Amino acid sequence: NPDIIISSDAVRAKEFAFVIANVLGYSSEDILFSRDLYLANEFEMLKTVKEVNDEKETVFLVSHNPGITYFANLLCNYNLENLPTSGIFGIEFDLKSWKETAFGNGQFLMFEFPKKYI
């Protein structure tokens, strides 16, 4: 479960963040909406993650393509062609601080998307 959900403030991203929060019992009032994540590239997303308070262990980032796919791939040297709408890509880090987050220092954990089950 997330300690923090940070989402683009675009309508569809917000809707997805609310769905995730509801399913996981996370207060929708605690979602942090950021204009900076709207059409952000992988470097802007990295900046956002590096700014997370170190008291937070599990971060959910809700953003847009193509940046989110590039970001996921670069964090853990994965080769995902496309992170589809409502797709979830999990990455694990062995860090003391979110400020240490860098491309290549994540470990692929999981990848799920709704159409996989249709």
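**Exercise 1.** Is F103 buried, partly exposed or exposed?

*Solution.* The model is a predicted one.
Step 1: take the relative accessible area of F103, which is 27%.
Step 2: recall the cut-offs, with buried meaning under 20% and exposed over 50%.
Step 3: F103 therefore counts as partly exposed, because its value of 27% lies in between.

**Exercise 2.** Classify the aromatic pair that F71 and F103 form, and place both residues in the chain.

*Solution.* Step 1: a pair of aromatic rings is described by the distance of the centres and the angle of the planes.
Step 2: for F71 and F103 the distance is 6.5 Å centre to centre, and the planes are 80 degrees apart.
Step 3: planes over 60 degrees apart count as edge-to-face, and the pair of F71 and F103 is edge-to-face.
Step 4: F71 sits in helix α3, while F103 belongs to the loop between β4 and β5. They are 32 residues apart, so the pair links distant parts of the chain.
Step 5: F71 has a relative accessible area of 5% and is buried.
The structure holds nine aromatic pairs. Y78, F89, F108, F111 and F113 form one aromatic cluster.

**Exercise 3.** Describe how helix α3 is covered, and by which elements.

*Solution.* Step 1: α3 spans residues 67-76, and eight of its ten residues are buried.
Step 2: the buried residues are G67, I68, T69, F71, A72, N73, L75 and C76.
Step 3: these buried residues pack against helix α2 (42-50) and against three strands, β3 (59-62), β4 (88-93) and β5 (106-112).
Step 4: α3 is mostly covered.
Step 5: after α3 comes N77, with a positive phi near 50 degrees.

**Exercise 4.** What is the order of helices and strands, and how compact is the protein chain?

*Solution.* Step 1: count three helices and five strands.
Step 2: along the sequence they follow the pattern β-α-β-α-β-α-β-β.
Step 3: the radius of gyration is 13 Å, close to the 13 Å given by the globule rule for 118 residues, so the chain is as compact as a globular protein of that length.
Step 4: the C-alpha atoms fill a box of roughly 30 × 30 × 25 Å along the principal axes.
Step 5: of the contacts with a separation of 6 or more, 62% join residues 24 or more positions apart.

**Exercise 5.** What does the protein chain expose, and how are its charges placed?

*Solution.* Step 1: buried residues make up 36% of the 118 residues.
Step 2: the chain exposes about 7500 Å², and carbon and sulfur atoms supply 50% of that area.
Step 3: there are 10 positive and 17 negative side chains.
Step 4: the centres of these two sets lie 4 Å apart.

Methods
Residues numbered from 1 in each chain as written. Predicted model: local features only at pLDDT ≥ 70, side-chain atom pairs only at ≥ 80, totals over all residues. Heavy atoms only, no water. Helix = DSSP H or I, 4+ residues; strand = E, 2+ residues; numbered from the N terminus. Rg over C-alpha atoms; globule rule 2.2 N^0.38 Å. Buried < 20%, exposed > 50% of the residue type's maximum accessible area, 1.4 Å probe, protein only. Contact = heavy atoms within 4.5 Å. Areas by Shrake-Rupley, 256 points an atom, 1.4 Å probe, with all protein chains shown as cover. Lys, Arg positive; Asp, Glu negative; His and termini not counted. Charge placed at Lys NZ, Arg CZ, Asp CG, Glu CD. Phe/Tyr/Trp six-rings, centres within 6.5 Å; stacked < 30°, edge-to-face > 60°.
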